[in-house]
Amino acid sequence: MNADILLMFLVLFTTIILFVFEVFSIDRIAFFIIVTLILLGLVTPEEGVSGFSNSATIAVLSLMILTIAMENNGVIHWLTSSISKVKSLPIYLMAPIIMFVTAGISAFISTTAVVLVFIKIVNQLSEKYNIPQSKLLLPISFAGILGGSCTLMGTSTNLIVNSVAKNLGAEKIGFFEISTFGIIFLVVSIAFITLSLKWLPWDSKKCISADYELEDYITRVIINPGSPLIGKTIRESFLFENPNVSLLQIIRDNQMHHSPGKYITLKENDELLLMCNIENLEQIIKSDNLSVHTELRHDETEQTDEKNQSKNTNEEGQPVFVELLMLPGAVLLGKTLGELRRYMLQGAIPLAIKKRKTIVNTKERMIRSSTSQLVLKEGDRLLVEISREQLPALQFLENVILLQEFDTNTQISNTRKYYSLGVLILVVLLAAIGIFSIMVSALIGVSLLLLSKNLDLNTVYKKVNWQVFFLLAGMIPLGAAMHNTGADKWISNHLLVFLGGQPSYIIIGTLFLVTMLLSGVVSNNATAIIMTPIAISVASGMNLDYKPFILTIMFASNFSFFTPMGYQTNTLIYGIGNYRFKHFLIIGGILSLILWLLATYLLTNML
């Protein structure tokens, strides 16, 4: 082992540690990889930035733009709108139907985008019909991953593996060449997941105020005669100075003022809606001559009477609680709750943060205090209060998803939907028939949408998941460095010694298992880039056909079901669905074991 290979392994090991413990965001890690590889001389500067011009990276970017167009033009919602009709079916029939629909759409549209739409639909079904969302969210995430594995464009991982393998001299994979295997894996998985529903938690939908325990933190107080607050502006009072107290509303003369400004003068008998803990409240009442309102505040939008709820929905200014889910690249990331409360958040009042679970943080944490130094990260949920008339403004927050369904979208014409869907079908046909590559076909589709004004580039700039783009651009040089230093051949030679004389199913099975285990803790794209050169080297060393080895890496990189961190959709539903790590480890682990054995048998028969 020479010095270059040692350096390569050091970079590789450091990269895996950074991914596992989420020391930095994935796009920052990607930049560090590029710079490190260039400075160590493991790649040339041109090779270091080659990921930005790689056909797979451009194809993934173009497909992300197409997905944005399908979402904005109502195509995804249109394709999924009929799902609400299954509400009367038993859960053991409802789940497989929803899984098949999710997988079918995910085969051609970004898995994450499709799963996010279904998260909203399931949340709505849960609220209206008391359908347990924990019985559906995990199956939907798994089905989306499996569906994306059915075509070459279904997931960025397939495109990356195909591109890296092609650069190493392998024959490219056809658009539907993996579909037969993908459909077999999908059908077997749906059958198993349906049987496993009884092991998933059976939760009843809580209203948001109960879920965040707001009754214990939101209190209405009245300014009594003689209070030292009378005549002071909000800026001059404890309401501005105390970071542990947040003023949400002022009610004066039966008029409700949301997000009152700091220069408003307080008056006798003003009702203040405060967010603070009991200790702060007791101190405030004693020192400032306030009294607690006899009625605790209840969220009027959570009424059980559907008729009253429908009536209230039409009232302008009606305050509602909304959960915002942070995606990679969200404009609010990196801010504490205190900073968010001073941030112009489209008229919304930030109330609390729910931290998502990670390897380091296995328990979901609730943050209400402005003094907390914990910042908002991807996968976290932010609870805000906002008036209904201002709800549409939240749609424009970059990479932020409203988990509640509201009729805030303008009506989209059927012509626009049909045209956008037609463009998607054209892209699939051009790539599937082989007239153009997926990259060229996707670029043609984007051009057609731009020319017809069915796609706005300003929206694209805000909604594209640039973290994925930079991750791919940064990881591709890592594969080149492994090849340049001979690290891939060093690993493959040792594997050949270990696997020498073993049957083909042992070779395929070992590669599949190692790749699948790695993808459970590291990004599936990163896993694919690391493992593809190794798989090609092993196949070359044994004089075997490359194709079964390439498909092994494709499927194994995607099948990270046994942890919630291996795939973005699993991470997103982890906290929302009230799951524990054991649900992924047991159900996802058994599913991974089944698919490992099945894939080993099917792929070995190709040799």
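Two strands are taken to pair when DSSP finds at least two bridges between them. With that criterion in hand, the sheet pairings of this predicted model can be followed from strand 1. In strand 5, Val-292 is the bridge partner of Val-221. This contact belongs to an antiparallel pairing of strand 1 with strand 5 (residues 290–292), which extends over three bridges. Strand 1 (residues 218–223) is also joined to strand 4 (residues 271–275), again in the antiparallel sense, by five bridges. Here Ile-218 stands opposite Met-275 of strand 4. As a general reminder for reading such pairings, side chains in a regular strand alternate between the two faces of the sheet.

Stepping back to the whole chain, the model contains 26 helices and ten strands. Of its 607 residues, 55% are buried. Among contacts with a separation of 6 or more, 78% are made by residues 24 or more positions apart. The accessible surface of the chain comes to about 26000 Å², and carbon and sulfur atoms account for 58% of that area.

Part of that surface deserves a visit at the N-terminal end of the numbering. Phe-13, Ile-17, Phe-21, Val-23, Phe-24, Phe-31 and Phe-32 form a nonpolar surface patch of about 650 Å². Helix 1 (3–21) and helix 2 (26–39) are the elements that give two or more residues to this patch, and the largest share, three residues, comes from helix 1. One of the patch members, Ile-17, lies in helix 1; Ile-17 counts as partly exposed because its relative accessibility is 32%.

Helix 6 (residues 91–106) offers a view of the interior. Its 16 residues should span 22 Å at 1.5 Å a residue, and its end C-alpha atoms are indeed 22 Å apart, so expectation and model agree. The buried residues of helix 6 include Ile-91, Met-94, Ala-95, Ile-98, Met-99, Thr-102 and Ile-105. Their cover includes helix 5 (75–80), helix 7 (111–129), helix 8 (137–148) and helix 10.

Helix 10 (residues 179–195) also contains Ser-179, which is buried because its relative accessibility is 10%. Beyond its neighbours up to four places away in sequence, Ser-179 touches Cys-150 and Thr-151. A little further along the chain numbering, Thr-155 sits in the loop between helix 8 and helix 9 (156–167). Thr-155 has a relative accessible area of 6% and is therefore buried. With neighbours within four places in sequence left aside, Thr-155 is in contact with Gly-148, Asn-524, Asn-558 and Tyr-567.

Helix 24 (546–558) is reached next through Ile-553, which has its place there. Ile-553 is buried, since its relative accessibility is 0%. Its C-alpha atom is separated by 6.8 Å from that of Met-531, 22 residues apart along the chain. When residues up to four places away in sequence are not counted, Ile-553 touches Val-161, Thr-515, Ala-528, Met-531, Thr-532 and Ala-535. In the loop between helix 23 (524–541) and helix 24 lies Asn-543. Asn-543 is not a glycine, yet its phi is positive, at about 55°. With a relative accessible area of 71%, Asn-543 is exposed.

Four salt bridges are present in the structure. In one of them, Lys-547 pairs with Glu-177, with the closest N and O atoms 2.7 Å apart. This pair links distant parts of the chain, as Lys-547 belongs to helix 24 and Glu-177 to the loop between helix 9 and helix 10, 370 residues apart. Lys-547 counts as buried at 16% relative accessibility, whereas Glu-177 counts as partly exposed at 32%.

A further salt bridge joins Arg-252 to Asp-270, with the closest N and O atoms 2.6 Å apart. The two residues are 18 residues apart, Arg-252 in strand 2 (residues 246–252) and Asp-270 in the loop between strand 3 and strand 4. Both Arg-252 and Asp-270 are buried. The loop between strand 3 (255–258) and strand 4 also holds Asn-269, a residue other than glycine with a positive phi near 70°.

Lys-355 and Asp-380 likewise form a salt bridge, their closest N and O atoms being 2.8 Å apart. Lys-355 is in the loop between strand 7 (349–354) and strand 8 (366–367), and Asp-380 is in the loop between strand 8 and strand 9 (381–387), a separation of 25 residues. Lys-355 and Asp-380 are both buried.

Terms used. Residues numbered from 1 in each chain as written. Predicted model: local features only at pLDDT ≥ 70, side-chain atom pairs only at ≥ 80, totals over all residues. Heavy atoms only, no water. Patch = residues over 30% accessible without salt bridge, like charges linked within 9 Å, V, L, I, M, F, W, Y side chains within 5 Å. Areas by Shrake-Rupley, 256 points an atom, 1.4 Å probe, with all protein chains shown as cover. Salt bridge = Lys/Arg side-chain N within 4 Å of Asp/Glu carboxyl O. Helix = DSSP H or I, 4+ residues; strand = E, 2+ residues; numbered from the N terminus. Buried < 20%, exposed > 50% of the residue type's maximum accessible area, 1.4 Å probe, protein only. Contact = heavy atoms within 4.5 Å. Expected span 1.5 Å × (residues − 1).
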